[in-house]
Amino acid sequence: MGQVTVRINGYSYTVGCEEGQEQHLQAMAQEVERRIDRIRALGGHSGEGRLLALAALLMADEIHDLTAEKMSADTAHQLAQGRQARVENERRRDQLAHLVERAENIAAALERD
């Protein structure tokens, strides 16, 4: 197991991670730091706990928005697939109706002979 020391809001934290995930963990710490900087820029001069809580809330809001966008995209994709399936079913129904009509014409012709 690897360990990484990340710096968030001026404090260093040593965090364990899987081998090879050190850079990813550093990048995630930078994302947290970016949100803290954003809060500070808005005039949020609070204690560390409050800054970290607000940063967590910002990140949770971003995750929520991304999840909603993905669900919306997934829903749109499912609707498109549904429309495509309906069109295909209508085409097959029309083909089947045509075959039934042909079979009935053949049967009628055989009855006449």
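This passage describes helix H1, its surroundings, its salt bridges and a surface patch in a predicted model. Because the model is predicted, local features were considered at pLDDT of at least 70 and side-chain atom pairs at pLDDT 80 or more, while totals for chains, interfaces and linings use all residues. Residues are numbered from 1 along each chain as its sequence is written, and side-chain values use heavy atoms, with hydrogens and water left out.

Helix H1 comprises the 20 residues 22-41, where helices (H or I, at least four residues) and strands (E, at least two) are DSSP runs numbered from the N terminus. The end C-alpha atoms of H1 are 29 Å apart, which agrees with the span of 28 Å that is expected at 1.5 Å a residue, the expected span being 1.5 Å times one less than the number of residues. Within H1, Leu 25, Ala 29, Val 32, Glu 33, Arg 35, Ile 36 and Ile 39 are buried; here buried means under 20% relative accessible area, exposed over 50%, and partly exposed in between (1.4 Å probe, protein chains only). These buried residues cover an arc of only 155° around the axis, which puts them on the same side of H1, the arc being that of the directions from the helix axis to the C-beta atoms. Gln 23, Gln 30 and Ala 41, by contrast, are exposed on the other side of H1. The cover over the buried residues of H1 includes strand E1 (2-8), strand E2 (11-17) and helix H2, with contact taken as heavy atoms within 4.5 Å. After H1 comes Gly 43, which has a positive phi near 95°.

A positive phi is also found at Asn 9, where the value is about 55° although the residue is not a glycine. Most residues other than glycine have a negative phi. Asn 9 is placed in the loop between E1 and E2 and counts as buried because its relative accessible area is 10%. When residues up to four places away in sequence are not counted, Asn 9 touches Glu 33, Ile 36, Arg 40, Glu 48 and Leu 51.

The structure holds 10 salt bridges, each defined as a side-chain nitrogen of Lys or Arg within 4 Å of a carboxyl oxygen of Asp or Glu. Glu 31, Arg 34, Arg 35, Arg 38 and Glu 62 are linked in a network of such bridges. In this network, Glu 31 pairs with Arg 35, the closest N and O atoms being 2.5 Å apart, and since these residues are four apart in helix H1, about one helical turn separates them. Glu 31 is partly exposed, at a relative accessible area of 26%, whereas Arg 35 is buried, at 7%. Arg 35 also forms a salt bridge with Glu 62, for which the closest N and O atoms are 2.3 Å apart; this pair links distant parts of the chain, with Glu 62 in helix H2 and Arg 35 in helix H1, 27 residues apart. Glu 62, which is partly exposed with a relative accessible area of 23%, forms a further salt bridge with Arg 38, where the closest N and O atoms are 3.3 Å apart. This second pair likewise links distant parts of the chain, Glu 62 in H2 and Arg 38 in H1 being 24 residues apart. Arg 38 is partly exposed, with a relative accessible area of 39%.

In the loop between H1 and H2 lies Ser 46, which is partly exposed with a relative accessible area of 30%. Ser 46 and Glu 31 are 15 residues apart in sequence, and their C-alpha atoms are 19 Å apart in space.

Helix H2 (residues 48-112) contains Leu 96, which counts as exposed because its relative accessibility is 53%. Together with Leu 99 and Val 100, Leu 96 makes a nonpolar surface patch of about 270 Å². Patches are made of residues with over 30% relative accessible area and no salt bridge, like charges being joined within 9 Å and nonpolar side chains (Val, Leu, Ile, Met, Phe, Trp, Tyr) within 5 Å; accessible areas come from the Shrake-Rupley method with a 1.4 Å probe, and for residues only the protein chains shown count as cover.
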